[in-house]
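Reader: I am new to this structure and would like to be led slowly through one part of it. Please set the part in its surroundings before going into detail.

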Amino acid sequence: MGLISGLLLLPLAPARGVMWVAERLQDAAERELYDPGVIRAQLAALNEDLDEGHISLAEFEVEEERLLDRLYAAQTGPTPTNRR
């Protein structure tokens with residue numbers, strides 16, 4: 001970057017910094033969202049909630065399907081982070 005363009009783009013530096021931080025946060029969130037270990041822990045907690053009567057069987061089935069879809073996507077397909 002040249003001196004002139006650097007000076008002209010200087011007012012945008014805070015916005016670029018915020019965008020950089022936002023992208024890093026999004027990457028971290030997506031890694032956690034598709035982490036098989038995290039998903040398995042959520043499945044275990046869901047089973048406990050069902051066993052303890054905190055949720056109904058219908059609620060369990062809906063949430064279990066959502067978690068299993070995420071687990072399948074994490075193990076087989078590209079995650080949103082990998083598609084860039």
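From the N terminus on, in what order do the elements of the protein chain run? After that, please take a close look at helix 3.

Author: This is a predicted model, in which local features need pLDDT of at least 70 and side-chain atom pairs count only at pLDDT 80 or more, while totals for chains, interfaces and linings use all residues. Residues are numbered from 1 along each chain as its sequence is written, and side-chain values use heavy atoms, with hydrogens and water left out.

From the N terminus on, the elements run α-α-α-α, and the protein chain has four helices and zero strands; helices (H or I, at least four residues) and strands (E, at least two) are DSSP runs, numbered from the N terminus. The mean pLDDT, the predictor's confidence in each residue from 0 to 100, is 86 for the protein chain, with 90% of its residues at 70 or more. Helix 3, residues 36–51, has the highest mean pLDDT among the elements, 95, whereas helix 1, residues 3–9, has the lowest, 79.

Helix 3 has 16 residues, which at 1.5 Å a residue should span 22 Å, and this agrees with its end C-alpha atoms, which are 22 Å apart; the expected span is 1.5 Å times one less than the number of residues. At the N-terminal end, D35 caps helix 3, with a side-chain oxygen 3.1 Å from the backbone nitrogen of G37. Just after helix 3, G53 takes a positive phi of about 80°.

Within the helix, I39, L43 and L46 are buried, where buried means under 20% relative accessible area, exposed over 50%, and partly exposed in between (1.4 Å probe, protein chains only). Seen down the axis of helix 3, its buried residues fall within an arc of 60°, so they line one face of the helix; the arc is that of the directions from the helix axis to the C-beta atoms. An α-helix has 3.6 residues a turn, so residues three or four places apart point the same way. What covers the buried residues of helix 3 includes helix 2 (13–33) and helix 4 (57–76), a contact being heavy atoms within 4.5 Å.

E48 also lies in helix 3, but E48 is partly exposed, with a relative accessible area of 47%. Its C-alpha atom is 20 Å in space from that of D69, and the two residues are 21 apart in sequence. In the whole protein chain, 13% of the 84 residues count as buried, and the C-alpha atoms fill a box of roughly 65 × 25 × 20 Å along the principal axes.

Conventions:
A polar contact is a pair of N or O atoms within 3.5 Å; within protein, one must be able to donate a hydrogen and the other to accept it, and residues adjacent in sequence count only if both atoms are side-chain atoms.
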